[in-house]
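Visitor: Could you walk me through reading a sheet and the helices around it? I would like the general idea each time, then the case at hand.

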Amino acid sequence: MEKRRKWHSMALLLTLLLALSVLCFGCSKPKLIEPESKPLYTLTDATGTKVSFTKKPERIVSLSISTDEILLDLVEPKRIVALTKYVDDEGISNATDKAKAVKGRVQAGNPEAILALRPDLILLPDFSSADTIQSLREMQQPVYVYKTPYNLAGVRACIKELGQVVGEEAAAQLILQRMEARLSQLQQKMGPIPATEQKRVIFMSDKGAYYSPEHSFNDICKHAQVVNALSQLHFAKPVTVGQEEIVRLNPDAFILSGWV
C-alpha cells in the first residue's frame, strides 16, 4: 500500500514536471521575424557606396543648385522637401519660378536642420565636404553622392543618373530629348559659320582668365560657333592664365560672369 502511494506520488510529480516543461517551452518559443522589404533598386554612388531604395524617394533634399534645377523637372514638387538657397537667385538659377512650389531651403553645413526634415533621400555632389557626407551617414541618413558634371556630356550623364536615383528614368529621358531638340534648333537658326570667321573669346572668372579642358565653357563655345582662345595654349589641366598670354592671344571679346 505504501509502495503504491509512492508510485502514485512520483507519477503525479512527473506529470507536473512534464506539463511545466511544455509550458516553459511554449513561453520561450521565438517569435516569427517579419521579412525585411526587398530593395526596389540599388545604385552605387560616386563614393563607391551602394544605396538601396525600397520605393521611389518621396522626401528629397537637394544640396546643390544643379540638382535643384534637374529635380524640379524630374519629380513633382511635393516629393522635394528642401532645395538650396541659390535656387532663388536669378543670377545663377534657371528655376526660380518652379522653386516657389517647394518651401524648404537648407544648407549642407547644417546636418541637424536636414535631419529635422526626415528625408528619404539626400543628394550631394562629389565636391561636397567629406566631413559633411560622413556626418550625415553617421546619423543614418539616406545619402547619395553623385558625380559633378563639368561639361555637356557630364550634364547628360548626371540627368540620367539622377533619373535612376529618384526612379524616374522616363522623365530623365524626356529632359534629354528636349535638350537635344533645343541645341538642334539653335544650330538651325545660326547656320554654319566658317572657322575663319568665328570670333575668339576668353572667359574671365573673379580670379582672372580661366581655362579647363573639361569646362562647360568649351561646349558653349562649340555650339555658339566661337573659339575659346585659351584652348590654343593646349593646357592639360585647369589653370588661370597670366596677363601676358592674354595680351598675346588678343581675343575679340571677354566673357564675364554676371554673378558674384
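Guide: We will take the sheet, then the helices lying across it, then one residue. This is a predicted model, in which local features need pLDDT of at least 70, side-chain atom pairs count only at pLDDT 80 or more, and totals for chains, interfaces and linings use all residues. Residues are numbered from 1 along each chain as its sequence is written, and side-chain values use heavy atoms, with hydrogens and water left out.

Visitor: In what order do the 4 strands of the open sheet lie?

Guide: In general, strands of a sheet pair through backbone hydrogen bonds, either parallel or antiparallel. Here the order is E4-E3-E5-E6, with parallel pairing. Strands are DSSP runs of E with at least two residues, helices are runs of H or I with at least four, and both are numbered from the N terminus. Two strands pair if DSSP finds at least two bridges between them. Strand E4 (80-82) and strand E6 (143-146) are the edges, each pairing on one side only. Between E3 (residues 60-62) and E4 there are 2 bridges; Ile60 has Ile80 in E4 as its bridge partner.

Visitor: Across which strands does helix H5 lie?

Guide: Helix H5 (residues 130-138) lies across E5 and E6, at about 155 degrees to E6. Axes are lines fitted to C-alpha atoms, for helices over the stretch in contact, and angles run from 0 to 180 degrees between N-to-C directions. Helix H2 (residues 65-74) lies across E3, E4, E5 (121-125) and E6, running at about 140 degrees to E3.

Visitor: Which residues of H5 are buried?

Guide: An α-helix has 3.6 residues a turn, so residues three or four places apart point the same way. In H5, the buried residues (under 20% relative accessible area, 1.4 Å probe, protein chains only) are Thr132, Ile133 and Leu136. Seen down the axis of H5, they fall within an arc of 100 degrees, so they line one face of the helix; the arc is that of the directions from the helix axis to the C-beta atoms. They pack against helix H4 (111-116), E5 and E6. On the other side of H5, Ala130, Asp131 and Glu138 are exposed, meaning over 50%, with partly exposed in between.

Visitor: Why does Thr132 count as buried?

Guide: Thr132 counts as buried because its relative accessibility is 15%. Leaving aside neighbours within four places in sequence, Thr132 is in contact (heavy atoms within 4.5 Å) with Ala108 and Leu124.
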